[in-house]
Amino acid sequence: MLKRTVIAVLCVVLFASVALAAPEMTKGADYKKEGPYTVGFANVWVGNTWGVQSVGEFEAEALRHPEIKAFYITDAQNNAAKQIADVEDLLAKGIDLLIIQAVSPQAIAPTIEKVAAKGIPVIACVSPVGTDKYAASVAALDEDFGRVGAEWLVEQLGGKGNIIILDGMAGITVAENRLKGAKAVFDQYPGIKIVGHEYADWDYAKGKMATENLLAANPVIGGIWSSGGDMTRGAIEAFVAARRPLVPMTGEDNNGFLKLWKKYQPDGYKAVGASMPTYLFAEGLLIGLELLQGNDVVRDTIIPVPTITEANLDEYVRFDLPDVFWTNTKMTEDDIKRFFSN
């Protein structure tokens, strides 16, 4: 059966000065509206398997709600100007709710304020929107993603050793924040030496090639910190092909990576998998529907980064599903079967 992760959602007020203060709430009365509803989802990009499954998860959730009469999903293709145009198109379709992951928080801010001025609740997912005019947000922090893997790697290496970094996309906020979280840890350990740093776009093939290049340039590598995606699967294969002993590596909840982790576990291979859940946009949809139905919600919800370890690996890895599956999902088994039968 699919591992249905029970998440203790930590709801906090961003930048709160008092750690134990009550979370800020958004009043449902300000957005209550009779259904059925039209929903818009302004997405950043569906150019990788995580993005594709995230959209599938959103669609699966939307189809479970008869109060939604229509939903529209746009793809900004990582272009801020296109995302602004996408939101304008969604407004023209008469949306009652906007779910968005911003390409550029600063660029999208005036458009978000325009949407909010019309009384339409805006739910920011994964990334900020550069203005306080949103109704609610939901995210797992990228800095925490980077920190979780870095802390584990430092512990595995005993605080010293040569490591290489497989980074995401240059200039993309997600990659920058994950690396920021990791470096905040590494900077505390002068014995940790970063001997290589390559951007591999979270891609399997690019991750494998980058690792091959770094192996050729570095005879001694003690560990790998990866920004996630499907890069760690490529890194494992590069080590095996080069006949180099596998070293501790960080990754994400990509099924291909988890399969290889399980395969080489008897040989002493060590790994950890952080997760940016594919269900965050579906969670944003649920929060938005609560507001439209007049219910109060926590304004800013931060989900602690789910982590896959040796202790719970078997609960996540799925040998019956393809490598491109992201295992930390809330889709039902029927949803998964439909999604991967296409």
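Trainee: In this predicted model, is Arg-299 buried or exposed?

Mentor: The relative accessible area of Arg-299 is 11%. A residue counts as buried when this value is under 20%. Because 11% falls under that cut-off, Arg-299 is classed as buried.

Trainee: In which loop is Arg-299 found, and which residue's backbone oxygen lies 2.4 Å from a polar atom of its side chain?

Mentor: Arg-299 sits in the loop between β13 (297-298) and β14 (300-302). Its contacts beyond four places in sequence include Glu-24, Met-25, Asp-132, Tyr-134 and Ser-137. The backbone oxygen of Tyr-134 lies 2.9 Å from a polar atom of the Arg-299 side chain. The distance of 2.4 Å belongs to the backbone oxygen of Asp-132.

Trainee: Is Asp-334 buried, partly exposed or exposed?

Mentor: Asp-334 belongs to helix α11, residues 333-341. Its relative accessible area is 49%, and the class between buried and exposed runs from 20% to 50%. Asp-334 is therefore partly exposed.

Trainee: What distance separates the C-alpha atoms of Asp-334 and Val-126?

Mentor: Along the chain, Asp-334 and Val-126 are 208 residues apart. In space, the separation of their C-alpha atoms is 26 Å.

Trainee: Why is helix α8 described as largely enclosed by the rest of the structure?

Mentor: Helix α8 covers residues 255-264. Its buried residues pack against α7 (231-241), β11 (249-251), β12 (271-274), β15 (307-308) and α10 (313-316). Among those buried residues are Asn-255, Phe-257, Trp-261 and Tyr-264. The helix is largely enclosed because, of its ten residues, the number buried is eight.

Trainee: Which residue caps the N-terminal end of α8?

Mentor: The cap is recognised by a side-chain oxygen that lies 3.1 Å from the backbone nitrogen of Gly-256. That oxygen belongs to Asn-254.

Trainee: Is α7 parallel or oblique to α8?

Mentor: Two packed helices are described by the angle between their axes and the distance between the axes. The axes of α7 and α8 come within 8 Å and cross at roughly 40°. Angles under 35 degrees count as roughly parallel, and the crossing angle therefore makes the relation of α7 to α8 oblique.

Trainee: How many residues in the contact of α7 with α8 are nonpolar?

Mentor: From α7 come Thr-232, Arg-233, Ile-236, Glu-237 and Val-240, which meet Gly-256, Phe-257, Leu-260 and Tyr-264 of α8. In this contact two residues are polar and two are charged, while the nonpolar residues number five.

Trainee: How are α2 and α3 oriented, roughly parallel or roughly antiparallel?

Mentor: Helix α2 spans residues 80-92 and helix α3 spans residues 105-117. Their axes are 9 Å apart and the packing angle is about 10°. This angle makes α2 and α3 roughly parallel.

Trainee: How many nonpolar residues take part in the contact of α2 with α3?

Mentor: Helix α2 contributes residues including Ile-84, Val-87 and Leu-91, and α3 contributes residues including Ala-107, Ile-108 and Val-115. Beside two polar and two charged residues, the nonpolar count is seven.

Trainee: Which element gives the most residues to the largest nonpolar core?

Mentor: This core has 33 residues, of which Ile-99, Ile-123 and Leu-285 touch the most other members. The elements giving two or more residues include β3 (37-43), α1 (49-63), β5 (97-100) and α9 (280-292). With seven residues, the greatest contribution comes from α9.

Trainee: How many residues does the second, separate core have?

Mentor: Leu-285, a residue of the largest core, touches Val-39, Phe-58 and Ile-99, among others. The second core is separate; its members include Leu-214, Leu-215, Phe-257 and Ile-308, and its residues number 30.

Trainee: Which residue is joined to Gly-35 by a cis peptide bond?

Mentor: Most residues other than glycine have a negative phi, and most peptide bonds are trans. Here the bond has an omega of about 0°. The partner of Gly-35 lies in the loop between β2 (25-26) and β3, and is Pro-36.

Trainee: What is the phi of Trp-202?

Mentor: Trp-202 is found in the loop between β9 and α6, and is buried at a relative accessible area of 13%. Asp-201 is placed in the loop between β9 (192-199) and α6 (204-217) and has a positive phi of about 60°. Trp-202 is likewise not a glycine, and its positive phi is near 65°.

Definitions and conventions: Residues numbered from 1 in each chain as written. Predicted model: local features only at pLDDT ≥ 70, side-chain atom pairs only at ≥ 80, totals over all residues. Heavy atoms only, no water. Buried < 20%, exposed > 50% of the residue type's maximum accessible area, 1.4 Å probe, protein only. Helix = DSSP H or I, 4+ residues; strand = E, 2+ residues; numbered from the N terminus. Contact = heavy atoms within 4.5 Å. Polar contact = N/O pair within 3.5 Å; in protein donor to acceptor, adjacent residues only side chain to side chain. Axes fitted to C-alpha atoms, helices over the stretch in contact; angles between N-to-C directions. Parallel < 35°, antiparallel > 145°, perpendicular 65-115°, else oblique. Nonpolar A, V, L, I, M, F, W, Y, C, P; charged D, E, K, R; others polar. Core = buried A, V, L, I, M, F, W, Y, C linked by side-chain atoms within 4.5 Å.
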